[in-house]
Amino acid sequence: MSLLVVGLSHRTAPVGVLERAALTGEVPTRLLHDAAASSTVAEAALLNTCNRIELYADVDKFHAGVAELSLLLAHHSGVDLEELTSHLYVHYEDRAVHHLFSVACGLDSMVVGEGQILGQLRDALAKSQDEHTAGRGLNELFQQALRVGKRAHSETGIDKAGQSLVTFGLEQVAAGAGEIAGKRALVVGAGSMSSLAAATLVRSGVTDLLIANRTPARAERLVEILGPDVARTLDLAKVPQALADVDLVISCTGAAGVVIKAEDVAAAVALRTSPQPLALLDLAMPRDVDHAVHELAGALLVDLESLSHAHAASPGAGDVDQVTRIVADEVTAFGAAQRAARIAPTVVALRAMASDVVAAELGRLDSRLPDLDERSRAEITQTVRRVVDKLLHAPTVRVKQLAAEPGGASYADALRELFDLDPAAVHAVSGTPVGGRPQPSGGGAR
């Protein structure tokens with residue numbers, strides 16, 4: 001597996017670019033299929049969150065793979081390739097594995113240590129499995145990334161160092177608009193982030209909560225979970241009028257355009273009697289709340305851009321170094337296991353060839369000594385097999401050890417050359433057609 005990741009995130013692109021590049025609706029699915037259909041790609045997965053878009057692919061050519069994935073990202077995001085390229089990052093092989101494991105641990109998140117990324121990674125893997133674009137390689141990689149992320153959270157205090165984006169956002173709101181407890185709140189959206197926001201508000205002491213969503217049934221289900229004594233639904237069309245009756249708004253929808261306009265916020269502010277500003281926490285990408293709200297007196301807008309600045313100025317996490325070491329160790333172990341696995345088909349093919357040679361020679365013995373008694377034949381058979389096993393034991397064990405080291409693939413090549421192994425036999429063991437690579441599991445994507 002030659003892993004390549006091409007993407008952009010809050011670390012490399014300003015919020016304005018991320019907003020324009022945001023993939024919504026059916027676009028992520030189309031991008032995933034187009035990536036998997038590329039002549040350079042065997043498997044593909046897409047990690048698409050509010051502050052990152054990353055394509056992971058098993059490629060046969062590095063430069064061609066980078067060019068193809070970059071072009072696809074530009075095409076599906078609608079951002080000009082020349083502009084997008086300046087914000088893209090590329091990681092290959094072990095560096096790509098290191099990046100994914102770091103992402104899984106929350107080291108690359110806007111809020112370091114946040115645990116939501118594990119769910120997003122799990123969703124990305126499930127999506128690629130459902131769409132049949134991920135094969136054994138990406139399945140193993142993402143499963144291991146999830147295990148590494150869980151290990152980081154269970155063995156270190158990274159959870160204390162970081163919070164979810166919702167929690168961090170509410171801290172910024174509280175700093176500018178007073179404590180969350182007792183506020184009247186409105187949540188626009190009923191997806192995973194909005195649901196987390198609503199649950200966090202209830203835990204923070206909000207007892208009057210409105211839920212508005214494009215699909216009323218989802219809002220109703222969320223109200224059932226939170227409890228009708230705390231939450232109630234609101235028609236999405238009535239959100240502008242409801243702004244005057246609440247103290248805090250959290251919005252995170254999948255809408256392509258602005259959901260809460262500056263003029264509606266201005267009208268609501270004019271009707272308010274509270275000395276505290278109307279607080280709006282916009283966690284959507286692209287943004288739900290008009291950027292012009294930043295300029296309104298009596299309103300406080302906290303969005304992904306301001307959260308990014310706020311977190312950059314916050315003190316670093318004390319456990320980041322420990323998690324960084326975990327990632328480094330896991331990358332080394334994963335690489336060694338992958339390299340060892342690559343030589344396994346060669347070792348199996350070698351032993352199969354040796355077994356065929358033994359069988360052929362015993363067959364010749366039978367034809368030359370047809371009167372050989374069964375006991376003698378069994379003893380000869382066992383002796384020949386024991387000799388072959390002893391001759392092969394040291395080289396096969398040693399080549400497995402050497403293959404686990406960087407550059408170890410050359411030892412498998414040497415073994416195939418020295419023993420004149422049929423390439424078709426090796427590929428048959430690995431499930432790879434001669435001259436090609438494994439297809440994604442489930443088929444149909446290419």
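# A guided tour, from a small cavity to a buried helix

Begin by selecting Val 15, Glu 19, Asp 282, Ala 284, Met 285, Arg 287, Asp 303 and Leu 304, which together line the second largest cavity. The model in your viewer is a predicted one, and in it this cavity holds about 30 Å³ of space. If you colour its lining by class, you will find 4 nonpolar residues, 4 charged residues and no polar ones.

Keep Met 285 selected and add Pro 286, because the peptide bond that joins these two residues is cis, with an omega of about 5 degrees. Most peptide bonds, by contrast, are trans. To place Pro 286 in the chain, look at the loop that runs between β9 (278-282) and β10 (299-302).

Now turn to the other cavity. How many cavities of 30 Å³ or more does a search of the whole structure find? The search finds 2 of them, and the largest has about 100 Å³ of space inside. It is lined by 13 residues, of which Cys 50, Asn 51, Glu 114, Gln 120 and Leu 165 are the closest to its centre, so select these five to bring the view to the right place. Helix α6 gives the largest share of this lining, with 3 residues, and by class the lining of the largest cavity divides into 6 nonpolar, 5 polar and 2 charged residues.

Next, show the strands β1 to β4 as a cartoon. They form an open sheet of 4 strands, in which the order is β2-β3-β1-β4 and the pairing is antiparallel. Because β2 (41-49) and β4 stand at the edges and have a single partner strand each, one side of each is left without a neighbour in the sheet. From one strand to the next, the twist averages 15 degrees. Strands of a sheet pair through backbone hydrogen bonds.

For a closer view of one pairing, select residues 3-9, which are strand β1, together with residues 52-59, which are strand β3; these antiparallel strands are joined by 7 bridges. One pair to pick out is Leu 4 with its bridge partner in β3, Ala 57. Then add residues 27-36, and you will see helix α2 lying across β2 and β3, where it runs at about 155 degrees to β2.

From the sheet, move to Glu 93, which sits in the loop between β4 (89-92) and α5 (94-104). Its phi is positive, at about 55 degrees, although Glu 93 is not a glycine. Most residues other than glycine have a negative phi. Is Glu 93 buried, exposed or partly exposed? With a relative accessible area of 28%, Glu 93 is partly exposed.

Follow the chain onward into α5 itself. Of the 11 residues of this helix 8 are buried, so α5 is largely enclosed by the rest of the structure. The buried residues to select are Ala 96, Val 97, His 99, Leu 100, Phe 101, Ser 102, Val 103 and Ala 104. Just after α5 comes Gly 106, which takes a positive phi of about 85 degrees.

For the last stop, select His 132, in the loop between α6 (116-130) and α7 (136-155). Here too a residue that is not a glycine has a positive phi, in this case about 60 degrees for His 132. His 132 counts as partly exposed, since its relative accessibility is 33%.

Methods: Residues are numbered from 1 along each chain as its sequence is written. This is a predicted model: local features need pLDDT of at least 70, side-chain atom pairs count only at pLDDT 80 or more; totals for chains, interfaces and linings use all residues. Side-chain values use heavy atoms; hydrogens and water are left out. Helices (H or I, at least four residues) and strands (E, at least two) are DSSP runs, numbered from the N terminus. Buried means under 20% relative accessible area, exposed over 50%, partly exposed in between (1.4 Å probe, protein chains only). Two strands pair if DSSP finds at least two bridges between them. Axes are lines fitted to C-alpha atoms, for helices over the stretch in contact, and angles run from 0 to 180 degrees between N-to-C directions. Contact means heavy atoms within 4.5 Å. On a 1 Å grid over the protein atoms alone, a cavity is a set of points where a 1.4 Å probe fits but cannot get out, and a pocket is an open set with protein on both sides within 12 Å along at least five of seven lines; lining residues have an atom within 4 Å of a point. Grid points are joined across faces, edges and corners, and a volume is the space filled by probe spheres set on the points. Ala, Val, Leu, Ile, Met, Phe, Trp, Tyr, Cys and Pro count as nonpolar, Asp, Glu, Lys and Arg as charged, and the others, Gly among them, as polar.
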